[in-house]
Amino acid sequence: MRIRIDHATTYAYDRAARFIIQSLRLTPRSSEAQTVRDWQVETDVDARLRRSEDAFGNIVHALYTEQPTKSLTIRVTGEVVTNDTAGVIPPDQERLSPLVFLRDTDLTKRDKLISVFASEFQAHPPLERMHRLTAAIHGSVAFEVGVTTPTHTASEVLALGRGVCQDHAHVFIACARHMGVPARYVSGHLARRDRADQEAAHAWAEAWIEGLGWVGFDPANGICPTESHVRVASGLDYLGAAPIRGTRQGGADEQMRVAVQINQARSQWQS
């Protein structure tokens, strides 16, 4: 699949911010599952962008503004050619032991509710267990925008029964880790067949399955990732793979707007 992505995030401030510092995890890597044919990161203000990599192997751009800023737009555009790997992640990018991803975080901490929910799948083989978990989360947590925030924990989302793809991923990760299966958060994009314009990027999870390696699961849609998914970054939870995180001095109140346009077509290239 050939996927063209245009992802713009705009910040507007009541007063000009003296300076802004942000970490951008917006750039995908090429692998056996996807080939990045073209990719650009741009801003509409005078700013420095320094590229590096974090401990998880994600491409990170550090952004520093050079002058007081009343508004800021960060835009990424590019084209990625994807292959359907049935959710299995090629091992060419791995740097850390899977055991790292058994570590709890504040957003994925386990409690009694998570324990009870996950216990329903414990008796099944690992791969079947994760498929059943994906289906159960898809059926138990309705997709609804605006009812949760980035600070909602997996347990809070499961109790609420509503959330967005970030929340579905956190519930999956918390349950998988409770069952002793390493799991991690993935941020990226999903090319939808019903529309090109979207209000946000996408998120899902990956679990370590002995004999297969890392396998992706998208509980928001009840499927494994397909050639319509573009993988960008991964981490222990949302905070480690968020597209944009940062701080600023001044600016008073902030408003943020995200616009994503994703177009897909069958590729004529062989990756």
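R132 and E128 meet in a salt bridge, their closest N and O atoms 2.7 Å apart; the term covers a side-chain nitrogen of Lys or Arg within 4 Å of a carboxyl oxygen of Asp or Glu. Both sit in helix α2 (residues 126-140), and because they are four residues apart there, about one helical turn separates them. Helices here are DSSP runs of H or I with at least four residues, strands are runs of E with at least two, and both are numbered from the N terminus. R132 is partly exposed at 40% relative accessibility, and E128 is partly exposed at 32%. (Buried means under 20% relative accessible area, exposed means over 50%, and partly exposed is in between, using a 1.4 Å probe and protein chains only.)

A word on what you're looking at: this is a predicted model, where local features need pLDDT of at least 70 and side-chain atom pairs count only at pLDDT 80 or more, while totals for chains, interfaces and linings use all residues. Residues are numbered from 1 along each chain as its sequence is written, and side-chain values use heavy atoms, leaving out hydrogens and water.

Back to the charges. The structure holds 15 salt bridges. One of them joins the side chains of D38 and R4, at 3.6 Å from N to O. That pair links distant parts of the chain, with D38 in strand β2 (residues 34-43) and R4 in strand β1 (residues 2-27), 34 residues apart. D38 is partly exposed, at 32% relative accessible area, and R4 is partly exposed too, at 33%.

Now move to E53, which forms a salt bridge with R29, the closest N and O atoms being 2.3 Å apart. E53 lies in strand β3 and R29 in the loop between β1 and β2, so this pair ties together parts that are 24 residues apart in sequence. E53 is partly exposed at 40%, as is R29 at 22%. Add R95 and you have a network: R29, E53 and R95 are linked by salt bridges.

E53 also turns up beside N58, a residue of the loop between β3 and β4. N58 counts as buried, at 3% relative accessibility. Leaving aside residues up to four places away in sequence, N58 touches R25, S52, E53, V232, A233, S234 and G240, where a contact means heavy atoms within 4.5 Å.

What about the rings? A search of the whole structure finds six aromatic pairs. Rings of Phe, Tyr and Trp (its six-membered ring) pair if their centres lie within 6.5 Å, and planes under 30 degrees apart count as stacked, over 60 as edge-to-face and the rest as tilted. F56 and F101 make a tilted pair, 5.8 Å centre to centre with 45 degrees between the planes. They come from distant parts of the chain, 45 residues apart: F56 from the loop between β3 (47-53) and β4 (59-65), F101 from the loop between β5 (69-82) and α1 (112-119). F56 is partly exposed at 24%, whereas F101 is buried at 3%.

Next come Y185 and Y238, an edge-to-face pair at 6.2 Å centre to centre and 80 degrees between the planes. This pair links strand β8 (residues 183-190), home of Y185, to helix α5 (residues 238-241), home of Y238, 53 residues apart. Both tyrosines, Y185 and Y238, are buried.

Finally, F56 and F101 join W208 and W214 in one aromatic cluster. R184 meets two of its rings: the charged end of R184 sits over the ring of F101, 5.5 Å from its centre, and R184 lies over the face of W214 at 3.9 Å from the ring centre. A charge sits over a ring if NZ of Lys or CZ of Arg is within 6 Å of the ring centre and within 35 degrees of the ring normal.
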